[in-house]
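Trainee: Could you take a close look at one part of this model with me? I'd like to hear about the salt bridge and its surroundings.

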Amino acid sequence: MMVQYFPFVIAILLVLIFWELSKINSRLKKSLVPPVHAMKDGKPVEL
């Protein structure tokens, strides 16, 4: 009986891992892009 639920549990775990990795990726992208007010002529400006 438990063998039937094993693929379902694995699928749920994979979805959760993908979800967390995508959140981490979006946070990294936001932190690496300089803020708009720190840009001048498309180049970063020292604050």
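Mentor: Quick bit of vocabulary to begin: helices (H or I, at least four residues) and strands (E, at least two) are DSSP runs, numbered from the N terminus. Counted that way, this predicted model has 1 helix and 2 strands, and reading from the N terminus the order is α-β-β.

The part you're after sits in helix 1, which covers residues 2-32. Helix 1 has 31 residues and spans 45 Å from its first C-alpha to its last, close to the 45 Å expected at 1.5 Å a residue. There's hardly any cover on helix 1: the number of buried residues in it is 0. The chain as a whole has 47 residues, and 2% of them count as buried. About 4,900 Å² of the chain is exposed, with 74% of that coming from carbon and sulfur atoms.

Now the pair itself. The count of salt bridges comes to 1, and the partners are glutamate 20 and lysine 23, whose side chains meet at 3.1 Å, N to O. The cut-off for such a contact is 4 Å. Why are these two placed to meet? Glutamate 20 and lysine 23 are 3 residues apart in helix 1, so about one helical turn separates them. An α-helix has 3.6 residues a turn, so residues three or four places apart point the same way. And side chains of opposite charge can pair when their charged atoms come close.

As for cover, glutamate 20 is partly exposed at 40% relative accessible area, and lysine 23 is partly exposed too, at 31%.

Note on methods: Residues numbered from 1 in each chain as written. Predicted model: local features only at pLDDT ≥ 70, side-chain atom pairs only at ≥ 80, totals over all residues. Heavy atoms only, no water. Buried < 20%, exposed > 50% of the residue type's maximum accessible area, 1.4 Å probe, protein only. Areas by Shrake-Rupley, 256 points an atom, 1.4 Å probe, with all protein chains shown as cover. Expected span 1.5 Å × (residues − 1).
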